[in-house]
Amino acid sequence: MKTIKIKKVGELALITLDQPKSKVNTLTTDMLSEFEQGMKDLEKDTRIRAVVLLSGKQDNFIAGADLRLIRAMKKGDAGQFSREGNRLLSWIAAFPKPVVAAIHGACLGGGLEVALACHYRIATDDPKTKLALPEVKLGLLPAAGGTQRLPRLIGIPGALDMMLTGKNLYARQAKKNGLVDEVIYPKGLVEAAKTIAARMAAGRQEVRKSPLNFKDALLEKTAAGRRLIYGQARKKVQGETHGNYPAPLKIIESVRIGMEKGMEAGLEAESGFFDELVFTSESRMLVNLFFAMQDAKKNPYPAKVRPVHTVGVLGAGLMGSGITEVSVQAGYSVLLKDRDLVSAGNGLQRLWSNYEKKVSRKIISPFDRDREMGMITPVDDFLMFKKADLVIEAVFEDLKLKQAMLAEVEKKTPDHCIFASNTSSLPISDIAKKAKRPANVLGMHYFSPVQKMPLLEIVRTKKTSDQAIATAYEAGVKQGKTIIVVSDGPGFYTTRILAPYMNETMKLLEEGIGTADLDHYMKAFGFPVGPAALMDEVGLDVCAHVSEIMAEVFTKRKQKPSTSVQTLLDAGYKGRKNKKGFYLYGNGLFNKKKEVNEDVYQYIGGKTRKEFEAGEVQERMALSMVNEAAHCLQEGIIGSARDADSGAVFGLGFPPFRGGPFRYIDHEGPGSILEKLKAYEQAHGARFSPAQILKDYGRKNRKFYTD
């Protein structure tokens, strides 16, 4: 056998899953076949009374099904694959001997479904141990019994919450909701699992019952209560997805059928729905993004990576604190510097609060909190920077300040130290104009909140060395980021394509659209946040600054960018940071309500608002971003359509089910996109003039992707 190893220890059998030549275990037809054969042999062996299922990987149990296999399937194959998986796992669930899943590391998708079919689950308390059914993020549903076994184990509301969000549960959280039966420290996992298996074989080990709260238990007992649960879930899904994603409703329906008509009917519904979803355009787009994320973990210059042990972070505000947190989680010691120790201490306090929340939510232990906090040293000078390997500045968006920081860092750090600016719009070459070591200067543009936003945009100048890029890239991967490398220039890639989107927001508001209508239309299109609300979150002062920096790019194309953001800023509107922008924000104590601020209309088109057709608004907004992405690809700011799509989706929230700007172009048809841009150019001017690359592709209806 190639993928499993069986070791017999007295009356116990230990099955180790270990896919060769792979860092992770994935469910393949070979693994499932070998696993079934091994279990059949153990069933016949009268000496074996219990089985323990383990992983041979360092930080991974099973990461789910092999998506390459699913991607290559034809209509009907997916349903059959699901049915075969369900047959096997139903047999495991009914296995006459106790089967214990010993879980360490990622236990995701099909991996969790395997664990659900086992009779007992024990997991390590390591932060790397995460349990989830994330198929919804790929436009799919759990297709190996997950929609049936999970609600029976932890209750319908909890199961729907897990499956409809795809969120991770850490071991202690999973024990609390009944998903795992016991939690143990990593080094004790195997022995504890063996002990539990032996006790189960002897009939002396009780399996915990799901700790359903009284309300959920009461609702699940009646048909009317269950109908209420399903109805509320559908309503929430429709409100959040605007009908753009078919998978969540299929998940709810699969659970409903199983709970109302029985396990067998539920499993068949699950397989049928899976076969439908695999071939939807939404799933195809989301799976493409998944592979793009996997590719983004591959360092382009692995042989040129320099070791990083100590990271210096300049600025202890929200951004600097976030960079510090992900750096510590990557295993780096961090020097957190601000202008004085009080300011640096405030950053440390913010970090402590974040770690306390993780402890309270049972994500990490108090020991892990103290260990990671101990890796952070707050400082108010550069004395300790003599051992820094990478310095990331996160100070105010002021060119002279950033240049001063670079000059000081070069004086106090070793020659190999890399200086990375977290600027979102200032050209890195301007910051590095007087640098002594320009080869070591680059941009590392994080997105807020750093702990949650997946993208890292690494910016290289003409003088940045491959070694510096390779080292920064490696650091970003360890920080858990999806990385794109872009060329230097005003706004780089993400801010540059966001600028026309914000500009079109202002143009539409000037023409008379209502703030609420605009935001509603774009959320219906698939953006997670409406553009006006987004500008409030970013801050109108920041938006005005970006508009100023980007104006040069657009005026060269004979465009006339809106100046209304500056007008609003001059009138005292800053967005959420001073509780008044396009919306008014409550004080956060007794009044948290957000409502449209109609006072801003006097500065942007007058108080009278009018109706706009949703499709036109959505096209104008989306095409402003798509066209600029094409300009960036054409100019070499971004290196590939794949990176461009990853940057737009993971950095700016471009609708994932649309795949990104270039997947969107291919799906709609390059010729169609070109004609729409020409029509809007005729109606609204040069800002819709198609990029030359779009003209070239559109005339031949040539696509950017070949898959």
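Here are a few friendly notes on strands and helices in this structure.

1. Please keep in mind that this is a predicted model, where local features need pLDDT of at least 70, side-chain atom pairs count only at pLDDT 80 or more, and totals for chains, interfaces and linings use all residues. Residues are numbered from 1 along each chain as its sequence is written, and side-chain values use heavy atoms, with hydrogens and water left out.

2. A good starting place is strand S7 (residues 120-124); helices (H or I, at least four residues) and strands (E, at least two) are DSSP runs numbered from the N terminus. Five of the five residues of S7 are buried, so this strand is largely enclosed by the rest of the structure; buried means under 20% relative accessible area, with a 1.4 Å probe and protein chains only. Tyr120, Ile122 and Thr124 point one way, while Arg121 and Ala123 point the other. In a regular strand, side chains alternate between the two faces of the sheet.

3. Which strands pair with S7? Strand S5 (residues 99-103) does so in the parallel sense over four bridges, and strand S10 (residues 182-184) runs parallel to S7, joined by three bridges. Pairing requires at least two DSSP bridges between two strands. Isoleucine 122 in S7 stands opposite alanine 102 and also opposite glutamate 182 in S10.

4. Elsewhere, an open sheet of four strands has the order S4-S6-S8-S9, with mixed pairing. Its edge strands, S4 (60-62) and S9 (169-170), each pair on one side only. Strands S6 (residues 106-108) and S8 (residues 130-132) are parallel over three bridges, and cysteine 107 stands opposite leucine 131 in S8.

How values were computed:
Buried < 20%, exposed > 50% of the residue type's maximum accessible area, 1.4 Å probe, protein only.
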